[in-house]
Amino acid sequence: MSMPIDAWTKAAVNAKQNAQCLAVLFLSLFLALPQRLVAAEEQWILDQSTLTYHVSHPLHQTEGVSHAARGKGVCHEEQCDFLIAVPVKSFDSGDSNRDLHMLEVTKGAEFPLVTVRTRLPESDSKSATIHADLEVQFAGQTACYKQVPFQLTPQGSEIKIAGTIPATLSDFKIGPPTLLTLPVKNEIPIRVEMTWRRQ
Amino acid sequence: MRERMAKLAACAVLMIFSLATPALRAQEAAATLSGRVADSSGAAVPNAKVSIRNLETGQAADIQTDRTGTFNLPKLVPGDYEVTVSVQGFAVKADKVTLTAGATLTYNATLTALPAEPQPQSPASSGANASPGNAPSLQDLGFSPAEIKGSPKEQALLERRTHMLKIHQRLGLITTLPMIASVATSINAGGRDTSNTDRTVHMILGSATADLYFTTAYFAIRAPRVPGTRSRGPIRFHKAMAWIHGPGMILTPILGALAYSQKNNGERVHGIAKAHGPVAIVTAGAFGAALLSVSLKF
């Protein structure tokens, strides 16, 4: 049994149309997929950081500085989750005795890291100022700071972020350390300066 | 001779009695802290760490809850304590309690569960599979388990160190009072026309200074060292000054005793005893500098 020539021609045209459809489908998938992959894979890495806590005492104004923070941000569906962690031990106030005392009152040996978590819209990276809700874990306690302002300065593929977290000792149930029986102030603002790199 | 021996024996008995009494009293009037640790549903939390710290003495102890979530800490010195309850998966709970002599205080803690920690991810997988549920974790940041894990033992060491140094600091401040008074009274004690009373007052103040000084020094010397820590900053100067005022505080009373004896014999202060004044001034100066170095920022 053989097919008539018309039927062969019709079948050949259908096959050609199907192939074109498939080609268009593959092409559209090929064009669309990488964008989706790029969007899903966007990450931010903390390149450099300077965290400075400030302690006020009637006789002293002390600052402790750390450059040891590590951080990462993972973006998905236009939201980025950031995690920053810094060892409590890494803060240097210029005096080893004071640093050990700080480590003791903040339970730094038992809870060795300070962690900060936040979620930001991806579009915030284009703003000059952002307001972040921060969840800070420190000394075995968790404190939340709402709408903390940070200034953003884009520099090529990097962004510099600067701001101050209005932390207090009581937020983390830390008894104020004393010097010559005089306690330090409850406020310990933490100045944050970070450089983030898009990956 | 017999009378002297009797006096000595009486002193010894008095000393033993004064040393033994607080210990006996502490044993007799010991307090107990007991209780139960549960989660928000009321279910027992076993193996939770219950730590207590005496807020006055800094003495610390800890215990783990048993299978029923209960714990019992007997033989505690009455006073104000900080109680901390910690266990993985729950927020740390801390409270202050007061233990009274001979009583058992029941402390029940209800812990709040923490939200589940994000699962560890490899850097390669974390991007493509990123979702709000798999935010970065500490392992993603490259922290090793040793860096994340706390050390209650090291914390206890730090607390003991701080406690001893706080006493050192307070005693050091108190020592300055008789020291200043000794320097002030030395003007009347060392001159040509000095009375026995002036010298005696100076000697008593000097002795009080020396006693307080060596007690102060004891708490600094016996404070535990933290391994791997090098002295930096003003504390180095503070410690360096101890090499001057330490020997000075040994020499000053010896030279003072010689000068006192010479004066009482109607002699002029002579020989090595003449160094009493200058040594005392250098010692007081070094002590003051050590105090200021950790009190004021230069």
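Strand 5 (residues 79-86) and strand 6 of chain B run antiparallel and are joined by seven bridges. One of these pairs is known by residue: Y81(B) has V97(B) in strand 6 as its bridge partner. Strands here are DSSP runs of E with at least two residues, helices are runs of H or I with at least four, and both are numbered from the N terminus. Two strands count as paired if DSSP finds at least two bridges between them.

This is a predicted model, in which local features need pLDDT of at least 70, side-chain atom pairs count only at pLDDT 80 or more, and totals for chains, interfaces and linings use all residues. Residues are numbered from 1 along each chain as its sequence is written, while chains are lettered from A and ligands numbered from 1 in the order in which they are written.

Strands 5 and 6 belong to an open sheet of four strands in chain B, ordered 3-2-5-6 with antiparallel pairing. Strand 3 (60-64) and strand 6 (93-99) are the edges; each has a single partner strand, so one side of each lacks a neighbour in the sheet. Direction ignored, neighbouring strands of this sheet are turned by 20° against each other on average, the axes being lines fitted to C-alpha atoms.

Chain B contains seven helices and eight strands. Of its 298 residues, 23% are buried, a residue being buried if 20 or more other C-beta atoms, placed from the backbone, lie within 10 Å of its own.

Helix 6 of chain B can be described in more detail. The expected span is 1.5 Å times one less than the number of residues; for the 31 residues of helix 6 (residues 234-264) this gives 45 Å, which agrees with the 43 Å between its end C-alpha atoms. A kink of about 30° lies at W243(B), shortly before the proline P247(B); the bend is the angle between axes fitted to the seven residues ending at a residue and the seven starting there. Buried residues of helix 6 include H238(B), H245(B) and Y260(B), and their cover includes helix 5 (196-222) and helix 7 (276-295) of chain B. After helix 6 comes G266(B), with a positive phi near 80°.

Confidence is given by pLDDT, which runs from 0 to 100 for each residue. Chain B averages 80, and 83% of the residues score at least 70. Two stretches fall lower; contacts are pairs whose C-beta atoms, placed from the backbone, lie within 7 Å.

| Stretch of chain B | pLDDT | Contacts beyond near neighbours in sequence |
|---|---|---|
| Residues 8-28 | below 50 | one contact |
| Residues 116-132 | below 50 | 32 contacts |

The model scores ipTM 0.71 and pTM 0.61.

Note on methods:
pLDDT is the predictor's confidence in each residue, from 0 to 100. A residue is buried if 20 or more other C-beta atoms lie within 10 Å of its own, exposed if 12 or fewer, and partly exposed in between; C-beta atoms are placed from the backbone. Axes are lines fitted to C-alpha atoms, for helices over the stretch in contact, and angles run from 0 to 180 degrees between N-to-C directions.
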